[in-house]
Amino acid sequence: MRAAIVKGGIPWKPGAGDPPEVVRPGGWKYFTPQEAKTVEAFVDRLIPADELSPGGKDCGCAVFIDRQLAGPYGRFEGYYMAGPFQKGTKEQGPQSPETPAQTYRKALAAFDNACRTKYPGKTFVELADDQKDEAIKGLEDGSLKLDGSDGQEFFKLILKNTQNGFLADPIYGGNKEGASWKMIGFPGTHYDYRDWIDKHNQKVMLPVVGINFHPNWTQ
Amino acid sequence: MRDGWKMLPKVLCAMSLGAAVGVSAAAHAGGIDKQDFNQVERGHYLAVVADCAACHTLPGSGHDLAGGRPLETPFGTLIAPNITPDPQTGIGAWTDDEFVNALTKGTARDGTHLYPAMPYTYYTKLSRDDVLAIRAYLNTLPAVHNAVQVNQLPFPFRIRASMAAWDEMFFTPGAFRPDGRKSAEWNRGAYLAEGPAHCGACHTPKNFLGADKRGERLQGYALQGWFAPDITNDARRGLGSWSIDDIVAYLKTGHNRTGAATGPMSETLNLSTSHMSDEDLKAIAVYLKDQPGQAASAPAAPDRAGMKIGGQIYADECSGCHSGNGQGAAGLFPSLNGSPVVQQTNPTSLLRVVLRGALSVGTRKAPTAPAMPAFAWVLNDDQVAAVVTYIRNTWGNAAPAVSASQVGKARQSLAERTD
Amino acid sequence: MALKLPHKDVAIIGLGWTGSILANELTDAGLDVVAIERGPWRDTATDFPISYAQDELRYRIRHEMFLRNSQMSVTFRNNTSQTALPVRTWGAFMLGNGVGGAGMHWNAEFWRFLPSDFILKSHLTQRYGASFLPTDMTIQDWGITWDDIEPHYDAFEYLCGTSGAAGNLGGKIQDGGNPFEGSRSRPYPTPAMKQGFGHALFAEGAKKLGYKPFPQPSGNLSQSYTNPLGVTLGQCTYCGFCEWFGCANYSKASPQTTILPVLLRKSNFEGRTDCEVTRINVDNTGKRATGVTYVDTSGAEFEQPADLVILCAFSLFNVQLLLLSGIGVAYDPQTGEGHIGRNFTHQTVSGGLGFFDKDKYNFNPFVAAGAIGMCIDEFNGDNFDHTSVGFVGGGYIGQVQTNGRPIECTAVPPGTPAWGSKWKQALKDNYLSTINVGAACHASMYSYRDNYLSLDPTYKDRFGRPLIRLTIDFHDNELKMSKFLTDKYTEILKAMGAKQTVTHPRKAPYDVTEYQTSHLNGGAIMGDNPGNSALNRYLQSWDVPNLFVMGASAFPQNAGYNPTGTVGALAYWSAAAIRSQYLKNPGPLVHA
C-alpha cells in the first residue's frame, strides 16, 4: 500500500521537511534574453529607483518573476485544470487554461509589437522613461491593446508579480537585501516579539532579517 | 577520549525467521520454581532494568527477545542472539548455571567468551537469585525459532579467543558488595546502576580496546553518533544542577524542568527506566549524585566577536522556543541555561541536535514529544560554531568553544548515518 | 477490484480536529480505530520549523499548506440560472489537507456561539413574530440547548488551553470579558493574550462609544500549558505568521499540539495518510454502513470494513461523500425535498482600513498573533433589538489584525497610484500607522432555500467522481446587516483617531475569488426529526445509524462567530453519546 502508516508514536526521520530553495541570481530560467530585458525595464518603472529604495530591477524583481514562472507557479501546478473551459461571471474567477508562463510569453511579444506601432520602430526597452510610463498606463487603462492577449489582465499580473517580488522574502530573488522591508519598517522574519508586545507606539529596534538573510550574523 | 575508530558500516543481518511461536516446554534442571509467579515478576522487572529488549528484540519483528538486532560497536557489528526458550536457536537447552555464567562471567554455553557488547562486566554484579529470576521470566516467553549469526566483526576482532586476554586485563567478576558506610538507598542505587542498569556501558569512557576507563567512571562516552553525557555530580557537565526529583522525573518521563531525552536514551526510557519504580529511580539518583566528577577546569573564555554573532543567531533562530534567557519552557523546550548536554566537553550530541534536529521521547506521563528542528540547511559551519559556542558560554554556562572544523566533521559524519 | 482489509471497529474519514477528537475518545473506549487521511503527515519541527515557517509568499500567497485544487476542488455559481464553474484555485475560502487538517494552520480564534443561536428559529419567532423573517429564510433550531453543549465547549477549551477572559461565570457577569456570552461553568484555562497598540486603541475607542470590549478568545496561548491528556503547549511569541502557517513553537492549539502525541502512542489506533476515501459503503438495505473504500497514492483501491463510520472530512466533503455514497436524499431547491446539501452557508465578513497620522501612531502590525484582538459583541446574534433595523443576525466587531506581513498589509489610501514612486512613498508613509482588518465585522449568514450544495453535472475529480457544487449568493438580510455593522466599525475607527477610513460592507453577488473566511457550513444539518434534518442531535445520520457526521456541515445556519469552537464542542458531545449510549446499544439514539 502506498500509504504512510502513522502508528506507535510521532513519525520522525532525519531530513524530513522541505526547506526552501534559495534563488541565486545569474542567468534566466524562463525568460529569453529579450523578454528578460523587457521585464527588467518594466519592473524598473513599476518600482523606480529613488531615495526610498533601489529600483525594481536592482531589487531583483525580474529575477523573482523569472524563477516563479520557471517553477510550479508558472505552470499553475496544483490548479484544477480539467475542462471544459468556459467563460463565466467575474465572481466565478479565472477560467482560462493559459498559465502565467504562457501569458508572459504571449503578452511580452505582443507588448513589444504594440510599442513598435505606437512609438515607431521602438521596443519597450528602447523607449524613454516617460514613454515607458505612458505605455504601461496604456496597458493599465486598456487604451494600449495587445494582439492576442488581454493587456489589462497582463498588466494586473505583472504588477502583482512585481510587487510580490518586491515585498516577499529575499530568498525568492527579489526584495534584495530586504530593501522593501527596510523602506516600510518591517523587521522581517523574527519569531519572538514577547519583549515588544507591551511596548505600544514604540519603534521596534531589531535588524531586518529574512529566512536566509542575516546581515547581523556577520561582522 | 580516543576517537580514532572509524564507524564500520552496519552489516544488516540476513535473518531466517521461521518462527514457531508457542510456549516452549523447556526442560532443564532446577534452581527455579516455574510456578513461583513472584519470581517470574521479579525477573520481568529485572529484565526491564537490565534492558534486555534493547539489544535482543528486533524492533518491529513482533518477537520479543528473539535476537536479530544489529549492534553498532566501535569494532564492527554484532547481532544479538536469540534468548527465548527455543532449544535449538535460543537458550532453552541451557542449564541455569550456564545462564548464570553468561551474565556474570561472560562465557557462553560452549565456554567461548562473549563480547562485552553483552554487558557482563556489569551484570556480574547481579546476585545469583536475581539472575535466576531473570531466567524464570525468560522461560515464560514464547519460544521463537530464529538462528542468529552473532559475530559480524571484521578480522581480527572476530576471534573470540582474544576475549580471554581482554577479560584477564579488564574484567573483575563478582557480585555487588554493599558499602557499609552508605545508606541502604545508596546501595540499592549502586547495585542497579553498576549492575543490571549498566549505565556505564554507555556513559563511561572506554580505552582503545573498548574497556571502561575505571578512573573516569560515568564521565561520558561517544557512541552511535551521540555523546552519552557525564552523569556524575559534576556541576556543569553532570547532574550537579539536577535535584534527585529532576533525575527521577527524567528517568521516569524523559523530561524534567530543564532536559529532554532523545537519541538512544529515548529507547532506554521507553523500554527500561520509565517502567522502573520511583524508589529504584530515586536510589539510582542518590547514587549518581554521589559520584565525583572530573577535575573542575575553567574553559578558556570564548572569542568576543564570535559571541556577539552567536548571540544574534540565537536571537533569530533559537529564542522563539528557548527564550532570550535560555530557560525554554518546562516539559517542552529544554533549558539551555545550566544544561549539562550543552556544556559537555565533547559537543557531539549538541551538534547533532542542532544540525539534524531530534525528536524527544514521548512517555505515558510526558507524551508531548516535542522535536528540535534541523538547522543544517540554514547555518553554515561558522554559524553553527558561533551559536553553539554562545549557548555554551552564556547565562553562567561555561564550556570550551566549538570550532567550524569540528562542525564540519560532525556534519560529514551525520551525512553518513541513516538514523 | 478493491482489496478487502481486516476489520476495524471504527473507520474515521479525515484526521483533522474532529477526526482526532473522535479517534482519541473512541480508542479510550477500547475500540480498534483506523483514521484515513487524504493528505500527508505534518508536524512542527519537520514541516514548519522556525527556520522557514515565516514565509509569506509560500504559505499565504501560494497557500502551500492547503488542499491542491488538482487533488480536489469544487464548482460554484451564484444561482440556478448559471452554470457552475470550477474553482481552479482557492479564493473565497481555503480548504485544509493533511493530518491536523485546517486545525494545523488556523488562526485559533476560539469562540462559543450564543445560547440563542442553538434555538434560533424559536427564539426569533418568539421575540419578533414569524412574519419578521424573510420567507425564503430556512433557519432552524439545532435540537440541542446551551446546557447540552456547554460542558463540551469547556472540554475543547481545556484541551487547547484557550486564552481568554470570562464574561459570564455561572450566570455572573465579569468585568473585562464578553458580557453577552452564555454562562460558563469555568474560567478559560489560561489568561487572555496580550494586545498590541492597535488592538488596545480599538478597546479605548469602543469604550468611548459606550461598548464593552473584551479580548478575543485565543487558541494561541498566553502561557505554556499542559492539557488534561498530559500534552504541553508553549507560549505564543506574537510572531505574526499565524493563520495559513504552521506554528513553529507549539503555541497554537492544533491536533498535533494537543491530541496526536497521545493518540499515536495507542496500540489500538492507526492512521493511514495519503489515502482518499472515495465512498462510504452501505449494505443493500441502505441503512447500514459496512465500511469505506479508499484509494492510495498508487491508485490501488482498498475496502476497509468497520462497524462504525465517522465522517470527519470537512463540511463540503462530508456532503459530497454522502451524495456520492447514496446516503440520504439529495436536496432539490425546487421542491424543497431532501436534506443532503440543504442550508448551506458561509460567513458575512467586512471591514477595512483606518489610516492614522504616521507621526503619532506606530502600530507595529507585525507584532501580532492569529487570535489577538479586542472585540465587542453588542451587535451579535440577537444581543440587540432588531425591531427597526431591517435584518436579523449580527456579528462581533473587532480590531483583530493578525499580522503586518508586507504583501498582505501594504494598503494605501484611495487615490494613490498603483505603482511608481508615489506608490512606494504611500507604502512607507502608511505601513506602520494603518489598521487593516478584512474581517473586522465577523457576522452570521443565515440559511436560505436557494443556497445549497449538490453534485456537479459536468466537472469531475481525478477519480471521475462529480465535484461538489456550491450554489450561493448573499441575501438582502445579510447585506443590510453588513452595512449596519460596518458603519459601527467605521465609527469606532474614528473614535480611535483615524484620520481616514476606507471600509466596505459586504456586497452582492457572492464572489468566489475574494477571501471571506473558510467557514463553510450546512449541507448535512442536525435537527430534532428526520423530516427537517440529515442528522439527529448527536450528529448521527437518521438514514444510517452507524454513521456519524462531524463538522460544520451540521450547522443549520451559521452564527456571528468563528465556527471551530462549536465544531469541537459538537464532536465531544457526539463522542460522549457514542460512548455512553451507542456502544452499549448500537442503533438510532433518537426515535423521532
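Reader: In this predicted model, how many residues of chain A are in contact with chain C?

Author: Happy to start there! Chains A and C touch each other in this predicted model, and each side has its own count. Chain C brings 77 residues to the contact, while chain A brings 63 residues.

Reader: Which element gives the largest share of the side of chain A that touches chain C?

Author: Let's look at the candidates. Strand S1 (4–6), helix H5 (151–167) and helix H6 (179–184) of chain A each supply at least two residues of that side. By class, the side of chain A that touches chain C divides into 36 nonpolar, 18 polar and nine charged residues. The largest share is four residues, and the element that supplies them is H6(A).

Reader: What is the bridge partner of A:Ala4 in S11(C)?

Author: Good one, since here a strand of chain A pairs with a strand of chain C. S1(A) and strand S11 (residues 269–273) of chain C run in the antiparallel sense, over three bridges. For A:Ala4, the partner in S11(C) is C:Thr273.

Reader: Which helix gives the largest share of the side of chain B that touches chain A?

Author: This contact takes 15 residues from chain B and 15 residues from chain A. The chain B side divides into eight nonpolar, five polar and two charged residues. Its largest share, seven residues, comes from helix H12 (residues 304–322) of chain B.

Reader: Where in chain B does pLDDT stay under 50?

Author: Chain B averages a pLDDT of 89, and 92% of its residues score at least 70. One stretch has low values, though, and the model has 48 contacts beyond four places in sequence for it. Where pLDDT is low, the predicted coordinates should not be read in detail. The stretch with pLDDT under 50 is residues 1–30 of chain B.

Reader: Are H1(C) and H13(C) roughly parallel or roughly perpendicular?

Author: Helix H1 (residues 17–28) and helix H13 (residues 564–582) of chain C have axes 9 Å apart and pack at an angle of about 25°. Angles under 35 degrees count as roughly parallel. That is why H1(C) and H13(C) are roughly parallel.

Reader: How many nonpolar residues are in the contact of H1(C) with H13(C)?

Author: H1(C) passes H13(C) in a right-handed crossing. Among the residues that make the contact are C:Trp17, C:Ile21 and C:Leu22 of H1(C), and C:Val567, C:Ala571 and C:Ile578 of H13(C). By class there are two charged and three polar residues, and the nonpolar ones number nine.

Reader: Are H6(C) and H13(C) roughly parallel or roughly perpendicular to each other?

Author: Helix H6 (residues 146–160) of chain C packs against H13(C) at an angle of about 110°, with the axes 8 Å apart. The contact residues include C:His152 and C:Phe156 of H6(C) and C:Gly568 and C:Tyr572 of H13(C). Angles of 65 to 115 degrees count as roughly perpendicular. Therefore H6(C) and H13(C) are roughly perpendicular.

Reader: Which are the edge strands of the open sheet in chain C?

Author: Six strands form this sheet, in the order S8-S16-S17-S18-S15-S21, with antiparallel pairing. An edge strand here pairs on one side only. The edge strands are S8 (214–215) and S21 (500–504) of chain C.

Reader: Which residue of S17(C) does C:Ile376 stand opposite?

Author: Strand S16 (residues 374–376) and strand S17 (residues 395–399) of chain C pair in the antiparallel sense over three bridges. Helix H7 (residues 197–208) of chain C lies across S16, S17 and S18, running at about 30° to S16(C). Opposite C:Ile376 stands C:Ile397.

Methods: Residues are numbered from 1 along each chain as its sequence is written. Chains are lettered from A and ligands numbered from 1 in the order in which they are written. This is a predicted model: local features need pLDDT of at least 70, side-chain atom pairs count only at pLDDT 80 or more; totals for chains, interfaces and linings use all residues. Axes are lines fitted to C-alpha atoms, for helices over the stretch in contact, and angles run from 0 to 180 degrees between N-to-C directions. Angles under 35 degrees count as roughly parallel, over 145 as roughly antiparallel, 65 to 115 as roughly perpendicular and the rest as oblique. A crossing is left-handed if the near helix is turned anticlockwise from the far one by less than a right angle, and right-handed if clockwise. Two residues are in contact if their C-beta atoms, placed from the backbone, lie within 7 Å. Ala, Val, Leu, Ile, Met, Phe, Trp, Tyr, Cys and Pro count as nonpolar, Asp, Glu, Lys and Arg as charged, and the others, Gly among them, as polar. pLDDT is the predictor's confidence in each residue, from 0 to 100. Two strands pair if DSSP finds at least two bridges between them.
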